[in-house]
Amino acid sequence: MGFFSLSKKNFSLNNRKKYVTLTIENKENVKQDENKHIDNNPTGLWTKCPSCQEILYKEDIESNLKKCPKCDHYFEMTARERIALLIDEGTFVEEDANLFSQNPLNFPQYEEKNKKAQQDCNMNEGVISGTGNINGIRVSIAAMDFKFMGGSMGSVVGEKITRAMERGLKERIPVIVVSMSGGARMHEGLFSLMQMAKTSAAAEKLRAAGVPYIAVPVNPTTGGVTASFAMLGDIIVSEPKAMIGFAGRRVIEQTIKQKLPEEFQTSEFLLKCGMVDVITKREDMKATLHNILSNLVG
């Protein structure tokens with residue numbers, strides 16, 4: 001009566017094709033590694049934008065000048081990325097690359113932290129300095145890197161920035177310093193704080209000699225760096241929504257017993273207050289600096 005029939009042989013489960021095989025291990029036989037870290041993002045291909053909370057492909061951020069393709073949030077650039085952004089290709093010559101920080105106060109584990117930062121950032125210290133051209137105009141430039149111990153200013157960072165300024169003074173070329181720092185490096189104590197005076201004195205020598213100095217504080221620039229060379233430029237240029245300040249917001253509010261404006265310590269707020277001269281988008285930074293330099297050096 002039917003069109004087909006099912007026999008035990010045809011219907012046997014043993015004759016069905018096996019598409020997937022699962023192997024279940026006994027937990028008791030698996031050795032657990034107490035220090036094993038479970039990585040929820042094992043390939044490291046994705047990250048979350050802190051502004052719009054969008055999950056982003058890291059390559060999309062890299063190809064967009066380290067900006068969020070969705071909301072234009074600015075991610076941190078390394079010192080080398082900043083140099084590549086601003087300096088004409090093939091013209092940068094690094095200087096003072098052989099300077100290393102010591103441990104004058106015998107601060108516990110300072111050497112280990114410094115060595116790890118050197119390996120992670122492929123840098124000897126938290127700033128890269130040298131000379132190069134910006135659309136044909138030769139400059140002395142230094143760029144800080146926040147990934148190197150929070151961009152903290154130790155004795156070597158202060159020395160390299162001072163030498164960058166002195167190089168500009170000697171060769172009569174404009175000086176540009178891109179600041180990105182959490183402030184003075186506590187591991188070096190007073191030796192770190194001395195860099196505020198040293199870099200400020202070097203900036204004053206440039207001013208007295210009529211050599212242009214352009215300060216470029218970007219997000220974040222705080223503490224002793226803000227209180228010294230980062231805000232002493234003849235022209236101060238920054239990026240949108242950069243945090244620039246000295247003390248923390250909560251510290252100031254508790255001290256003055258007042259609520260601060262929402263945009264306090266942003267580059268836009270400082271522009272309104274006359275502490276920043278120009279805010280420019282990252283993709284326009286090189287052209288903006290070249291335009292300023294063209295007017296300053298004739």
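These legends accompany an overview and close-up views of a predicted model.

**Figure 1. The whole protein, with its helices and strands.** Let's start with the full fold: ten helices and nine strands make up the secondary structure of the protein. The chain holds 298 residues, and 41% of the residues count as buried. Among contacts with a separation of 6 or more, 67% join residues that are 24 or more positions apart. The accessible surface of the protein is about 17900 Å², and carbon and sulfur atoms contribute 53% of that area.

**Figure 2. Close-up of the aromatic pair of tryptophan 46 and tyrosine 57.** A search of the whole structure turns up two aromatic pairs, and this view shows the tilted one, with ring centres 5.1 Å apart and 45° between the planes. Tryptophan 46 belongs to strand E1 (residues 46-48) and tyrosine 57 to strand E2 (residues 55-57), so the pair ties together parts that are eleven residues apart in sequence. Please look at the surroundings of each side chain too: tryptophan 46 is partly exposed, at a relative accessible area of 43%, and tyrosine 57 is also partly exposed, at 28%.

**Figure 3. Close-up of the aromatic pair of phenylalanine 264 and phenylalanine 269.** Here the geometry is edge-to-face, with 5.5 Å from centre to centre and 70° between the planes. The angle earns that label because planes over 60 degrees apart count as edge-to-face. Are these two residues, phenylalanine 264 and phenylalanine 269, buried or exposed? Both phenylalanine 264 and phenylalanine 269 are buried, whereas tryptophan 46 is partly exposed, as is tyrosine 57.

Methods
Residues numbered from 1 in each chain as written. Predicted model: local features only at pLDDT ≥ 70, side-chain atom pairs only at ≥ 80, totals over all residues. Heavy atoms only, no water. Helix = DSSP H or I, 4+ residues; strand = E, 2+ residues; numbered from the N terminus. Buried < 20%, exposed > 50% of the residue type's maximum accessible area, 1.4 Å probe, protein only. Contact = heavy atoms within 4.5 Å. Areas by Shrake-Rupley, 256 points an atom, 1.4 Å probe, with all protein chains shown as cover. Phe/Tyr/Trp six-rings, centres within 6.5 Å; stacked < 30°, edge-to-face > 60°.
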